[in-house]
Number of protein chains: 2
Amino acid sequence: MKFTVKRAAFIKKLNDVQRAISSKTTIPILTGLKLDVESDQIILTGSDADISIETVLDAKNEDNGLSVSDPGKIVLPAHFFSDIVKRLPEDTMTIEITEGFQTEITSGAAAFTINGLDANNYPHLPELDGNDQIQLSGNVFKQLISQTVLAVSTQESRPILTGVHFSIDGDQFLAVATDSHRLSQRKIKLPAGNTGKYDVIIPGKSLVELSRMIGEENPDVIMRISENQVLFTLGDTAFYSRLLEGNYPDTSRLIPKEATTTLEFNAPALLAAIERASLLSHESRNNVVKLAITTADSQIVISGNSPDVGNVEEQLDAKAVEGEDLEISFNPDYMKDALRSFGQTEIRVSFTSALRPFTLVPTEDQENFIQLITPVRTF
Amino acid sequence: MKFTVKRAAFIKKLNDVQRAISSKTTIPILTGLKLDVESDQIILTGSDADISIETVLDAKNEDNGLSVSDPGKIVLPAHFFSDIVKRLPEDTMTIEITEGFQTEITSGAAAFTINGLDANNYPHLPELDGNDQIQLSGNVFKQLISQTVLAVSTQESRPILTGVHFSIDGDQFLAVATDSHRLSQRKIKLPAGNTGKYDVIIPGKSLVELSRMIGEENPDVIMRISENQVLFTLGDTAFYSRLLEGNYPDTSRLIPKEATTTLEFNAPALLAAIERASLLSHESRNNVVKLAITTADSQIVISGNSPDVGNVEEQLDAKAVEGEDLEISFNPDYMKDALRSFGQTEIRVSFTSALRPFTLVPTEDQENFIQLITPVRTF
């Protein structure tokens, strides 16, 4: 195995694949990066068993400056190899297997020799049978991920809740996540031509890593689903994730259909007030803030309180106030996550009672995006 | 106590004073920020017992928007108070003691009430007697600090070595730091008019904090020294540090007067090569790299080696090579620190033997700045 390549192009591919490589893995060879050098391309692979990423560096693209003089394959210690490649002195570098699995990396006057591993011992990537695929706009999908993944559970006690539930039926795509204290639900319409029907749960961690790879260079994402794996294709890069096994709870009945009190706010303004109130709630044992609504005079007061430190009270400026008076307490951190997911929009908050979950939706589009938060009982 | 002030101006002063405030202090009142509100100014004070910072926010400066309706003083929980002030909704805020030490902070519709402490229990700042003072250019002093403080010891076993030794005699200012493995020495000439004679050891940590406060707004630093304290004045801000007690070791005899091998390098180029070599040395138990110099053919090879991972070898490009052949090993991290302190200059490295300390000086000014490193015996 011997090839010469432009470092900048190689580093870009290396960074993509490294997202999947963890130094904490229990399978030693997975701390490595696999290089498959063929006569006209290099395939780079990284994996932590849950996520696998494979990408191609092509000799046809002149920016890559790839010239292969001897095909072959090797697994190199990923973290360390990447440090070396990033610090080499020249624009190009040459990588060659010299003896056994010893690999020489040269650039200018610098020559590194590092111990590699036999690529034949590297696990095979899952194979996905069937040709059904779902095509998505990268930007829309990235937004869907960020709007739902915030509500996945971080606790392993109910593993199924650490994923986002995708229900796809033709052009209807519904994504739901809940940690049982809050829930995020987003609906999008797929481009015409998508006809499959799928019901899968994808680990939140996989989606977070995937969304970091969706950039301007990859306007479209192609998703293919098998029994226990999902494959996302972004240009030259394949991103595999395992699926979570089990049945996702039925979340449709959790969302209240009616409301007794509704408020409308500018999301960033409400976020700023919640952030202030949470300064105090964070200092107290039970992290809650209280919202007191008097609809007759449109008075809405948020308050936070810590016996040791002090208290805060702020009158909120709502765009609309309707319905019954209410006092309700909730975890401000859930509220902050939810509000951030709306960005710079107007939102409607709908309550039914002090102990029932309340919802936040964009005022302009109340059907397709909903955040739900369960209040905290304080009496 | 009651005053109104522009938040931006207050936050700037708060940030300065907070450098001295640690949440780890064993004296509870020192986790607080002291506010002395007088009719035409506020004095803000923070301290961790080692360092104390005092600054003034003046009503005369219109940018401060300060209007005091009732003088007074209070100590407020610094970290928490600062979080509140930074998140308030409006450009101005009002702070008022309402009852006992309870303090109300209002801005727009937000009102915080926090528990303060009696300012009479706050320790007094040291008083410096005498009028002798040393005036310095802030930029020159900042550079002197960064060039020496890197060599102070981080170990408390010899506390005196955690400081930088300042010897001032008229217009001669000599600063030395050593952790017994390496030494940094910088000489500067003080502006005419400085006539005092001082010999003090200032904690490295104090100098690091001080240098962060020397900015474009404070072109000059005034230093006043008493028996156990030093006071640096930067514009409106006073920075006090305790001095280290004891005798600093005589370092002048450590610097070799002669050399048997000398090399000249571009500092950033040598730094890049050392960084590459250290990638491997960091993976091995004894973190050393080796320099092999053959003067006849001007061959200089740096190498690093880790039995587990591999090895690196690089031919260095020296501007000049003179004297005897030599093989010498050293800790690359000391070398990196030293090289960074030279910036973008040419340097001369002078060796006497494989076991004796070697020195680095700027080729253009070999008298006033020197870095010394003790090699590591590897045989």
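**Figure 1. The central domain of chain A, at residues 135–250.** In this predicted model, the end C-alpha atoms of residues 135–250 of chain A are 26 Å apart. Strand makes up 43% of this span and helix 19%. The UniProt record, an unreviewed entry, gives these residues the feature "domain: DNA polymerase III beta sliding clamp central".

**Figure 2. The N-terminal domain of chain A, at residues 1–126.** The unreviewed UniProt entry places "domain: DNA polymerase III beta sliding clamp N-terminal" at this stretch of chain A. Residues 1–126 of chain A are 45% strand and 17% helix. The C-alpha atoms at the two ends of the span are separated by 25 Å.

**Figure 3. Helices H1 and H2 of chain A in contact.** Helix H1 of chain A covers residues 7–18, and its axis comes within 10 Å of the axis of H2(A). The two axes cross at roughly 155 degrees; angles over 145 degrees count as roughly antiparallel, and H1(A) and H2(A) are therefore roughly antiparallel to each other. The crossing of H1(A) past H2(A) is left-handed. From H1(A), the contact draws on A:Arg7, A:Phe10, A:Ile11, A:Leu14, A:Asn15 and A:Gln18. H2(A) contributes A:Ala78, A:His79, A:Phe81, A:Ser82, A:Val85, A:Lys86 and A:Arg87. Sorted by class, the contact of H1(A) with H2(A) comprises 6 nonpolar, 4 polar and 3 charged residues.

**Figure 4. The C-terminal domain of chain A, at residues 253–376.** UniProt, in an unreviewed entry, lists "domain: DNA polymerase III beta sliding clamp C-terminal" for this part of chain A. The span of residues 253–376 is 41% strand and 19% helix. Its end C-alpha atoms lie 20 Å apart.

**Figure 5. Helices H5 and H6 of chain A in contact.** Helix H5 of chain A spans residues 267–281 and helix H6 of chain A spans residues 332–340. Their axes come within 9 Å and cross at roughly 160 degrees, and H5(A) and H6(A) are therefore roughly antiparallel to each other. H5(A) passes H6(A) with a left-handed crossing. On the H5(A) side, the residues in contact are A:Ala267, A:Leu270, A:Leu271, A:Ile274, A:Glu275, A:Ser278 and A:Ser281. They meet A:Pro332, A:Met335, A:Lys336, A:Leu339 and A:Arg340 of H6(A). The residues of this contact between H5(A) and H6(A) comprise 7 nonpolar, 2 polar and 3 charged.

**Figure 6. Helix H2 of chain A meeting helix H5 of chain B.** Here the helix of residues 78–87 in chain A, H2(A), and the helix of residues 267–281 in chain B, H5(B), have axes that come within 10 Å and cross at roughly 170 degrees. H2(A) and H5(B) are therefore roughly antiparallel to each other. A:Phe80, A:Asp83, A:Ile84 and A:Arg87 in H2(A) are in contact with B:Glu275, B:Arg276, B:Leu279 and B:Leu280 in H5(B). The contact of H2(A) with H5(B) has 4 nonpolar and 4 charged residues, and no polar ones.

**Figure 7. The relation between chain A and chain B.** Chain B is superposed on chain A by a rotation of 180 degrees with 0.0 Å of shift along the axis, at an RMSD of 0.0 Å. That is the relation of a two-fold axis. Among the residues of chain B, B:Lys24 comes closest to the rotation axis, with its C-alpha at 16 Å. Both copies use the same surface, as 100% of the contact residues of chain B recur in chain A.

Notes
Residues numbered from 1 in each chain as written. Chains lettered and ligands numbered in written order. Predicted model: local features only at pLDDT ≥ 70, side-chain atom pairs only at ≥ 80, totals over all residues. Heavy atoms only, no water. UniProt positions renumbered as here; feature names shortened; annotations may be inferred. Helix = DSSP H or I, 4+ residues; strand = E, 2+ residues; numbered from the N terminus. Axes fitted to C-alpha atoms, helices over the stretch in contact; angles between N-to-C directions. Parallel < 35°, antiparallel > 145°, perpendicular 65-115°, else oblique. Left-handed = near helix turned anticlockwise from the far one by under 90°. Contact = heavy atoms within 4.5 Å. Nonpolar A, V, L, I, M, F, W, Y, C, P; charged D, E, K, R; others polar. Least-squares fit on C-alpha atoms with pLDDT ≥ 70 in both.
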